[in-house]
Amino acid sequence: FGNDGYKLWLQYRFVENEALRGNYRSYINKLMPLGDSKTIEVAEKELELGLKGMLGLDFLSKPGVGEKSLIFGEKSNLSKDISIQLESDFNNINDEGFIIKSISIKGKNQIVITGNTDVGVLYGVYHFLQLLQSHKPIEQLKIVDSPKLKVRVLNHWDNLDRTVERGYAGFSIWDWHRLPDYIDQRYVDYARANASIGINGTVLNNVNANALILTPQYLEKVEVLANIFRPYGIKVYLTARFSAPIEIGGLPTADPLDLDVIKWWQEKAKEIYTRIPDFGGFLVKANSEGQPGPQNYGRNHVDGANMMANAVAPFKGIVMWRAFVYSEHDTTDRAKQAYSEFVPYDGQFKDNVLVQVKNGAIDFQPREPFHPMFGAMPKTPLMMEFQITQEYLGFSTHSIFLPKLFEEVLKADTYRKGKGSTIAKDIDGSLHNKRLTGIAGVSNIGSDINWTGNTMLQANWYGYGRLAWNPYLSANEIADEWLVLTFSTNESFIKPVKNMMLDSKEAVVNYMTPLGLHHIMDTGHHYGPGPWVSNLSRPEWNPVYYHKADKNGIGFDRTPTGSNATEQYADEVAAKFNNINTCPEEDLLWFHHVPWDYRLKNGKTLWDGMALKYQEGVNQVEHMGKTWDTMEAYIDSGRFNEVKMLLNIQFKEAKWWRDACLLYFQQFSGKPLPDGVEKPT
Ligand code: GCW
């Protein structure tokens, strides 16, 4: 498929319009880097690459007439006459923010890109290049922007043998075997792509962790990656297997209160920081799905997290402790367990601990009501965990624009401090004055040429980064940006493809899990339908546990007559979900067991309405395919054909979902398919 996909949203396509190109050239006769840090070096390189690509190869070697320069460097390296003009702007940015401004120095108009740190400058440089690629005017620039969250990380579920848990774009990009000596160009391009959207950290390995990553043999390799990423403002983090003191430390226990164990982690931290002075810290999955943790020793999450937090605290490291826990012992409702296990500990975690919470209480479903922990721990920094890789959403085959899902979650209102207590405000710290803030995205990146296995899904990596920077952005804006940078500025392309992207999320919900259905994917791999599966050893792994279809109806009663999971929400939210008339229909079967002939708001019975939703999903995918088919003229044939073939598969599989689910559920409803729903063939 060529290299166009490899270049992601950093295409630097030539600006064909001569007048516009001339206008851009007239503003940038010279690059003026200030300071000599590695970060400024990579910023200059990126400018050269981008400007040559967009404005012509000869551009910087043969500058035009005039003396207009593009000045870039951090505040401390600016000359007095410039910094004086920017004083009030500097008051409006944080350490990673940037200013891009047209200013006049000694009667000459110049463009300055600056920030409090060189990394801020680099973010500004990427933003500037994006302006040019989007054909925006640069006459009167005055852009002042800062990230709203501090820790903006990718989580790679990458194993040391290069397989990737729930990864669908080839193998891991980390070539552990050939590190530390062999430096794959991908590492650099990975850093560029992430820096261009403001991602400032990466957890290299799977949360189902292998303790070997903490041995000197691997740390030597990790150190090399950290050195590559550093100029790009990207910190390296590792997952820490809780039982590492036993497995690689030779201790008899991993009890977090044991003095030898405490010492082992302290020394391990020191060893890591000696190699990597800006190491970010640890991500831990403990006492979840068989992973070891403090509970193995009769201790709790606070004991475990704080012990590790103490080890990294002297070096300013953090611990991201995951709240994705559910146990085989309490089988009434898996959705309730994380809240019950964590909320009582509010206020007990150390200052450098973030509790990392998945967006919903079950597991990355096409649609889930928001996790009740959000808003409910005012004294604990809660970090959002989104899944960019599509474990339950058709892997990298199905095209879905996830910023739609992310936006829905971030805007959800927890009501914990009255109306307007949105999740975005909890995670950016403003709701409860939290100092440490963060967000994690489980990466969809692999060794495929186009990184994500499907060009359209690059938008989810991009969109995640943008929302990590500013959780108040809309999916609509993000789609616009991504399409322009990735493909074309032509409105005849942008408009229809954007609509297709914005509808894609609901299409997937409709053909997989409409009306609040969830976790009915086939077992183990989670690809394709499997609502009939009922033979797994743990009840909460079986789809039948979630849909509870019988001849009376379908759905999981989570109201007070059922599991009462709704009591974990603020009163206003619980009341809304509990009442079948006010419960949003998109979440209906998440919270209620509903009779087949219950009347939906559109007057249809539940059975007819559900069948029509499945059909609607199929129709939407068909429409997506038809839209894409008319786009051939606007983009390269490699990416065009790739997406076309994938949309064809998605269409087939949407029908598979519809037919399988309706035929299965029909055994319980005992009703015929309504008009408008295609009969299974
Ligand atoms: O979504 C589930 C996945 C597991 C994953 C786990 C988790 C890394 O099925 O593959 O393990 O969640 O988030 O820890």
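The largest nonpolar core of this predicted model has 207 residues. Within that core, the residues with the most contacts are L122, V125, M308, V319, V355, M373 and M383. Take V125 as an example: leaving aside residues up to four places away in sequence, V125 touches A43, E46, L47, F72 and I113.

Now for the overall layout. The chain is divided into three stretches, set out below.

| Domain | Residues |
|---|---|
| domain 1 | 18-145 |
| domain 2 | 151-473 |
| domain 3 | 510-556 + 593-669 |

How do domain 2 and domain 3 meet? Here 20 residues of domain 2 are in contact with 19 residues of domain 3. On the domain 2 side, the touching residues divide into 6 nonpolar, 8 polar and 6 charged. Taken over C-alpha atoms, the centres of domain 2 and domain 3 are separated by 30 Å.

Let's turn to the ligand. Around the ligand sit W157, E165, R166, V207, N208, K285, E289, F324, D363, F364 and E391. By character, this shell divides into 4 nonpolar, 1 polar and 6 charged residues.

Finally, a look at helix α20, which covers residues 637-669. Its 33 residues, at 1.5 Å a residue, should span 48 Å, and because the end C-alpha atoms of α20 lie 47 Å apart, the expected and modelled spans agree. Just after α20 comes G670, and the phi of G670 is positive, near 65°.

Conventions. Residues are numbered from 1 along each chain as its sequence is written. This is a predicted model: local features need pLDDT of at least 70, side-chain atom pairs count only at pLDDT 80 or more; totals for chains, interfaces and linings use all residues. A residue is near a molecule or strand if its C-beta atom, placed from the backbone, lies within 6 Å of it. Ala, Val, Leu, Ile, Met, Phe, Trp, Tyr, Cys and Pro count as nonpolar, Asp, Glu, Lys and Arg as charged, and the others, Gly among them, as polar. A nonpolar core is a set of buried Ala, Val, Leu, Ile, Met, Phe, Trp, Tyr and Cys residues joined through C-beta atoms within 7 Å. A residue is buried if 20 or more other C-beta atoms lie within 10 Å of its own, exposed if 12 or fewer, and partly exposed in between; C-beta atoms are placed from the backbone. Two residues are in contact if their C-beta atoms, placed from the backbone, lie within 7 Å. Helices (H or I, at least four residues) and strands (E, at least two) are DSSP runs, numbered from the N terminus. The expected span of a helix is 1.5 Å times one less than its number of residues. Domain bounds come from an automatic or database domain assignment.
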